[in-house]
Amino acid sequence: CEDKAISITDLGSSSGTIVDGQRLPGNVAHSVDDTAEIQIGQLRMFLHTVDQSPTLPMRALLGDETQRIERQDLRFQLHLERTRMSVWPAANNSTEVTITNTGTQARRFGVMTAGLERGWVRINRPEVEVKPGESATVLINIKPSRRPSTEPGDYPLTVIVQAKDTPEAMLEGQITVEMKAYAGFGMALSTPHASLDAPLRLFLHNQGSAPLDLDIAAVNPDGKITAQLSTPHVHLPAGERQQVNGIVRATSRPFIGTSQQHSLDIQVRSNDAASFLAAERLY
């Protein structure tokens, strides 16, 4: 500690030092903040700054981020790194499961999960051997599919550890997986060219997993033409499509017998996703 700042340095250890999920380079000081998670080999700690006053009531600093499940008669323990985690579709997030053999003989354990769709979960070591009094760590990686049917919300994930020598010896832990929403939409025009008083058709598609509110506008740089749309606002549920109709109009009376060409931008903006798309039509 220096000036109340806290740092940690890994002195080239074989097991390494991990802070908030990131492995530290050797012999380089790394600043850590309050509530940092530090893992050194099988030892896992949480950093909390407290008042040094002798009147401060002491309490357990480890909250409900972790979960330990055990039964004395089964002779092994299950420790979950966390009880809740967040994940975005098509992105990875992982958590660790630690199995401790409290018996007197080496045992093999199988690790399984239930509750999430097939293909969303990958276990790096579905089966491990653990010596008496020792622990083994298994990494569970979660990567949901990126499609509109992957609805945001909480999903229950059950972690199951089973002793191979005694199939009925089984421990289960629960993790809540918070699925985040992702945004995306597309648009298309029925044709790149049209005449005055011609119909305009705009096709919209919500490609994300959450509803979208879209604003539609027609912009002509020289102010000569515009588009009268059936609606300037559209609410699109996840995965749905909608057609917006309109008519191309002149903002002033054109000269008879003359032919001119103007560009018209149909702009669609998403208020929820902070994204923007524009298409251009020529007349």
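# A tour of the strands and sheets

Begin by selecting β20 together with strand β22 (residues 241–250), which pair in the antiparallel sense over five bridges; two strands are said to pair if DSSP finds at least two bridges between them, and strands (E, at least two residues) as well as helices (H or I, at least four residues) are DSSP runs, numbered from the N terminus. This is a predicted model, in which local features need pLDDT of at least 70 and side-chain atom pairs count only at pLDDT 80 or more, whereas totals for chains, interfaces and linings use all residues. Residues are numbered from 1 along each chain as its sequence is written, and side-chain values use heavy atoms, with hydrogens and water left out.

With β20 and β22 still selected, look for threonine 226, which stands opposite arginine 249 in β22. Then widen the selection to the open sheet of four strands, whose order is β17-β18-β22-β20 and whose pairing is antiparallel. At its edges are β17 (185–189) and β20 (225–229), each of which pairs on one side only. From one strand to the next the twist averages 30 degrees, where axes are lines fitted to C-alpha atoms (for helices over the stretch in contact) and angles run from 0 to 180 degrees between N-to-C directions.

Next, select the open sheet of five strands, which has the order β9-β16-β15-β11-β13 and mixed pairing. Its edge strands are β9 (84–87) and β13 (127–130), each with a single partner strand, so one side of each is left without a neighbour in the sheet. Here, too, the twist averages 30 degrees from one strand to the next.

Within this sheet, colour strand β16 (residues 170–179) by side chain. Leu171, Gly173, Ile175, Val177 and Met179 point to one face and are buried, while Met170, Glu172, Gln174, Thr176 and Glu178 point to the other face and are not buried; buried means under 20% relative accessible area, exposed over 50%, and partly exposed in between, with a 1.4 Å probe and protein chains only. In a regular strand the side chains alternate between the two faces of the sheet.

Which strands should be selected around β16? β9 and β16 pair in the parallel sense over four bridges, and arginine 84 has threonine 176 in β16 as its bridge partner. β15 and β16 run antiparallel and are joined by ten bridges, with glutamate 178 in β16 as the bridge partner of aspartate 154; these two strands, β15 and β16, form a hairpin with six residues between them. Moving on to β11, follow its antiparallel pairing with strand β15 (residues 153–163) over six bridges, where threonine 113 stands opposite valine 159 in β15.

Now show the aromatic side chains, since the structure holds two aromatic pairs. In one of them, the rings of phenylalanine 76 and phenylalanine 109 have their centres 4.8 Å apart and their planes at 55 degrees, so the pair is tilted; rings of Phe, Tyr and Trp (its six-membered ring) pair if their centres lie within 6.5 Å, and planes under 30 degrees apart count as stacked, over 60 as edge-to-face and the rest as tilted. Phenylalanine 76 belongs to strand β8 (residues 76–80) and phenylalanine 109 to strand β11 (residues 107–114), so the pair ties together parts that are 33 residues apart in sequence. Both phenylalanine 76 and phenylalanine 109 are buried.

Finally, return to the whole protein, whose secondary structure comes to zero helices and 24 strands. Buried residues make up 33% of its 283 residues.
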